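Trainee: I'm new to this one and would like to go through it with you. Could you put it up so that I can ask as we go?

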Amino acid sequence: MAQPDTKKIFFENLSGAGKAIAVLTSGGDAQGMNAAVRAVVRMGLYVGAKVYFIHEGYQGMVDGGENIREAKWESVSSMLQVGGTVIGSARCKDFRTHEGRLKAALNLVQRGITNLCVIGGDGSLTGANLFREEWSGLLAELVEQGALEADAVQQYSALHIVGMVGSIDNDFCGTDMTIGTDSALHRIIEVVDAIMTTAQSHQRTFVLEVMGRHCGYLALVSALACGADWVLIPEMPPEDGWEEKMCQKLSATRSRGSRLNIIIVAEGALDRHGKAITSSYVKDLVVKCLGFDTRVTILGHVQRGGTPSAFDRILASRIGVEAVLALLETTANTPACVVSLVGNQSVRVPLMECVQMTQEVQKAMDGKRFEEAVKLRGRSFENNLKTYKLLAHRKPESELPVSNFNVAVLNVGAPAAGMNAAVRSAVRVGISEGHKMFAVSDGFEGFSKGQIREFKWADVGGWTGQGGSLLGTKRTLPAKHVEKIAEQMRKHNINALLIIGGFEAFLSLLELLTARGKYDELCVPMVMVPATVSNNVPGSDLSIGADTALNAITATCDRIKQSASGTKRRVFIIETMGGYCGYLATVGGLAAGADAAYIYEEPFDIRDLQANVEHLTEKMKTSIQRGLVLRNENSSENYTTDFIYQLYSEEGKGVFDCRKNVLGHMQQGGAPSPFDRNFGTKISAKAMQWITKKLTETFRQGRVFANTEDTCCLLGMRRRALVFQPVVQLTDDTDFVHRIPKEQWWLKLRPLMKILAKYKTSYDVSDSGQLEHVVHNRPKELDASVAM
C-alpha cells in the first residue's frame with residue numbers, strides 16, 4: 001500500500017488529549033444531523049478528546065444536569081440512517097438572556113468543555129458567536145458570584161466554536177449545500193413523481209406548496225428537477241400581470257398534448273408589492289381562468305422527515321470530521337468558523353461573514369432589490385434560476401435566433417439515471433439557441449444505421465424523472481462504423497455532436513478525433529458529458545447517475561442491516577458495481593457506515609483480510625451487533641466475494657455469522673435522484689452553450705470546420721468548477737486497461753471511512769486549515785454545489 005506523502009499529517013501530531021468537545025443540534029431539525037453528530041463524536045474520541053452530547057440544544061446547555069452527557073464510541077452506533085436528530089433540538093428563549101448564557105457557561109466549565117460544535121441555522125450560529133464573545137466576561141462574573149474558582153478563568157480562558165449548517169432550506173450564505181437540503185429534495189421529488197401519475201390519469205393541474213419562508217431554493221430546484229410549468233419564489237417575485245402569463249403557459253402546454261400541469265409555490269412566495277401568493281390563490285386563479293381540474297398539495301413537515309440521502313450522510317460525515325480538525329487547530333485569536341461545502345471541497349469560512357451575507361439577502365428582498373438578492377444567494381442559486389427559465393419558458397418562434405446549425409445528441413455506454421434529463425436540457429437549450437436538434441437512437445450503432453430524427457420542444461416533455469435511457473444506448477464504439485457515421489452526418493448535415501455517456505463515450509471521442517484526418521464530416525465541434533454509475537470518466541470528479549446508484553446502495557444496505565435487528569451478531573458482505581473503479585464501494589461504504597470496503601485502487605492481501613476480520617470480531621464482542629463489508633466487483637481476481645464471505649464465515653465462527661449479497665443492476669435502475677436530474681440538466685445546458693460558441697467560431701466560408709484539439713472536449717466537474725478539457729489532453733491521466741483515471745479525488749475519503757469504523761490510519765489534511773472569505777470563495781467558472 002502506498003505510503004502517505006509529506007502533506008499527510010498523522011494524528012499523533014493532532015492530539016486532542018486534555019480537550020473536551022461538546023456537540024449540539026439547535027433550531028429546526030434536518031436529515032443528516034445524526035451523521036454529523038456521529039462524525040464529531042468518533043473523530044473527537046479518535047484524537048483522544050473527551051466528547052459530550054448536549055441534549056435539547058441550547059436549552060440543554062442552560063439546564064445542564066443530565067442534558068450534558070459524555071459520549072462513547074457505541075453511543076453513535078446505528079444512528080447514521082436515522083432522520084432528525086437523536087440528541088434533540090429546541091428553540092431556547094433562556095439562551096437569549098444574559099442569565100441564561102451565564103448558566104450555560106457554568107455548566108460547560110464544570111465539565112471542562114471549551115470546544116463547541118454547533119449544528120444549526122444562522123440564528124443558532126449567531127447565538128454561539130455571541131456566547132464566544134461574552135465568554136471571558138461570563139467567567140469573571142461567575143468568579144465574582146463565587147460559583148467558580150479564580151484559576152478557572154485562566155484555565156478555560158477561551159471558548160472555541162465551529163459551526164455546521166443544518167437546514168433544509170439551504171438559506172445560509174458561504175456554503176453551496178446545507179445538511180438536510182438534498183434529503184428534503186428527495187422527499188419533494190418522491191411526492192411530485194407520485195402526483196404526476198395521478199395528474200396524468202385525470203388531466204389535472206397540481207399546485208404544490210413546499211417549505212421556504214425566506215428562501216426559494218427547495219421550490220426552484222424541485223421545479224428544475226421535475227420540469228414544473230411554473231415556480232413562485234420569494235427572491236424573484238413575478239412581474240405584474242404574471243397571472244395571465246402563467247395561465248397562457250399552462251394552456252399552451254395542454255395544447256401541445258400534455259395531460260397535466262405542475263406549479264410549485266414556496267411558502268414565502270410574494271408578488272412585487274409584498275403581497276403573499278398562496279397555493280390556494282394560485283389554485284383559484286387556474287380554476288377561474290382556465291377551468292382546469294386543479295388540486296393543492298401542501299407537503300409541510302414531510303420534507304423534514306425520513307431517512308437522510310447518501311449525499312447528506314457523506315456531506316455531514318466530511319464536515320463533521322473537518323469541524324473537529326478545525327477545533328484542534330484553533331487558537332484564542334482564530335475567528336469562529338463554519339465548515340462548509342464549496343464545489344466538491346469542504347472549506348472553513350468565518351461564521352459572522354456568512355451570517356452577515358445571509359442577512360444582506362433578506363435586506364435586499366425587503367428593499368425590493370430582487371436581482372441583488374438572487375446574486376447574493378450565490379452562483380448556484382443564480383444559475384438554477386437562469387437554467388429553469390431557459391428550459392421551462394419557450395420563446396415564440398419569432399424571438400428565436402436563426403442559426404441554421406444542426407446538432408445531434410446521443411447516449412453511449414451503459415444507461416445511467418439522469419441521462420434523459422441531460423437530453424431534455426440539450427434539446428431545449430439548443431432550440432432556444434436557434435439550432436435544429438436531432439436525437440440519435442442506440443448510440444453509434446444507431447447512428448451508422450441512420451436512426452436519427454429531429455426533436456422538437458414537446459418531444460422531451462416529462463423526461464427529467466425517467467430512469468435509464470429513452471433514446472436507447474449501446475456500448476458500440478464508432479471506429480468500425482466510422483465511414484457510415486460520416487455518411488449519416490453528411491446526409492443530415494450534422495454540424496456538432498453532444499455525447500452523453502461513460503468511459504465508452506470518452507473512447508468514442510478519441511476515435512472520432514483520430515478519424516477527422518480522413519473524414520471532413522467529423523471536423524465539427526464535439527463535446528462529451530459524463531454519465532455512468534461507475535464514476536470512472538477521466539477529467540470529471542462526478543458523473544450523472546452515480547448519485548442515484550449511491551442512494552440505491554445506501555437504501556439497500558440500510559434494509560439489509562435492519563434485517564438482522566433482534567437476531568444474533570451478523571456481518572454482511574455486499575458486492576457493488578463499478579468495473580475497476582472503487583467509487584461506489586468507497587463512498588457507498590461511507591454513507592452506509594461500512595466497516596471495510598475492498599477496491600482495486602487500494603491493493604489488499606490475505607493479511608489485510610485477516611486484520612479486518614479480527615478487528616470486526618473485536619468490535620462484535622464489545623459493542624456492535626451488525627457489520628457491513630463492501631467489495632467492488634473487480635477489486636481482486638482471486639479474493640472474490642465468495643472467498644471473502646467464506647473467510648469471514650470461518651474466522652467469525654462463534655462470534656458472528658455471515659451473509660452475502662450481490663446488488664447487481666438495481667444500481668443502474670430507478671428514477672434519478674434530484675442531484676442527478678439537476679446535474680444532468682445544468683451540465684448539458686452548459687455543454688450546448690459551448691457548442692453554440694464553437695459553431696460561431698468555426699463557421700467559415702459557408703461551412704463549419706473544426707479540426708483543433710479544443711473543439712473536441714469533455715465537460716467535467718473539477719473540484720470547484722465545471723471545466724471544458726480537450727480529450728486528447730486527458731489520455732496521460734487515464735489507465736485505459738482498467739478504464740479508470742490515474743488520480744481519483746474520492747480516495748482521500750477512504751481514511752475517513754476507516755476512522756469512523758475505528759481503524760488507526762493517517763488522514764490527508766493538505767486541503768484543510770485554510771480559512772476562506774465568503775466573498776472570495778467562488779471561482780469565476782463555478783456552477784456551485786457540484787450540481788445543485
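Trainee: Where does Phe95 sit?

Mentor: Keep in mind that this is a predicted model. Phe95 is placed in the loop that runs between β3, residues 68-70, and α3, residues 98-109.

Trainee: Is Phe95 buried or exposed, and why?

Mentor: Phe95 counts as buried because its relative accessibility is 6%, and buried here means under 20%.

Trainee: Which residues does Phe95 touch?

Mentor: Leaving aside residues up to four places away in sequence, Phe95 touches Tyr58, Met61, Val62, Arg101, Ala104, Gly127 and Phe131.

Trainee: And how are Phe95 and Asn707 placed, going by their C-alpha atoms?

Mentor: They are 612 residues apart along the chain, and their C-alpha atoms are separated by 67 Å.

Trainee: Back to α3, then. At what angle do α3 and α4 pack?

Mentor: The angle is about 80 degrees, and the two axes are 9 Å apart, which means that α3 is roughly perpendicular to α4. On the α3 side the contact includes Arg101 and Ala104, while Phe131 is among the residues that α4 brings to it. Both Arg101 and Ala104, as well as Phe131, are also touched by Phe95.

Trainee: What classes of residue make up that contact of α3 with α4?

Mentor: The residues divide into 12 nonpolar, 1 polar and 3 charged.

Trainee: What about α13 and α22, how do their axes cross?

Mentor: Helix α13, residues 379-392, and helix α22, residues 674-698, have axes that come within 11 Å and cross at roughly 75 degrees, so α13 is roughly perpendicular to α22. The contact is made by Ser380, Asn383, Asn384, Thr387, Leu390 and Leu391 of α13, together with Thr681, Lys682, Ala685 and Gln689 of α22. By class, the contact of α13 with α22 has 3 nonpolar, 6 polar and 1 charged residues.

Trainee: Switching to empty space, how many cavities of 30 Å³ or more does a search of the whole structure find?

Mentor: The search finds 2 of them, and the largest cavity holds about 250 Å³ of space. Of the 20 residues that line the largest cavity, the closest to its centre are Phe311, Ile314, Arg318, Asn344 and Trp745.

Trainee: Which helix gives the largest share of that lining?

Mentor: The largest share, 5 residues, comes from α10. Helix α22, which came up a moment ago, is one of the elements that supply at least two residues of the lining of the largest cavity. As for class, that lining divides into 13 nonpolar, 4 polar and 3 charged residues.

Trainee: And how much space lies in the second largest pocket?

Mentor: About 990 Å³ lies there. It is lined by 37 residues, and the closest to its centre are Arg91, Gly121, Asp122, Gly123 and Ser124. Two or more residues of the lining come from α4, residues 122-144, and likewise from α11, residues 351-366. The lining of the second largest pocket is made up of 12 nonpolar, 15 polar and 10 charged residues.

Trainee: One last topic: what is phi for Ser78 and for Gln701?

Mentor: Most residues other than glycine have a negative phi. Ser78 has a positive phi, near 60 degrees, and Gln701 has a positive phi too, near 50 degrees. Ser78 is in the loop between β3 and α3 and counts as partly exposed because its relative accessibility is 46%. Gln701 is in the loop between β21 and β22 and is exposed, with a relative accessible area of 84%.

Technical notes: Residues numbered from 1 in each chain as written. Predicted model: local features only at pLDDT ≥ 70, side-chain atom pairs only at ≥ 80, totals over all residues. Heavy atoms only, no water. Helix = DSSP H or I, 4+ residues; strand = E, 2+ residues; numbered from the N terminus. Buried < 20%, exposed > 50% of the residue type's maximum accessible area, 1.4 Å probe, protein only. Contact = heavy atoms within 4.5 Å. 1 Å grid on protein atoms, 1.4 Å probe; cavity = no way out; pocket = protein on both sides within 12 Å on 5 of 7 lines; lining within 4 Å. Points joined across faces, edges and corners; volume = space filled by probe spheres on them. Nonpolar A, V, L, I, M, F, W, Y, C, P; charged D, E, K, R; others polar. Axes fitted to C-alpha atoms, helices over the stretch in contact; angles between N-to-C directions. Parallel < 35°, antiparallel > 145°, perpendicular 65-115°, else oblique.
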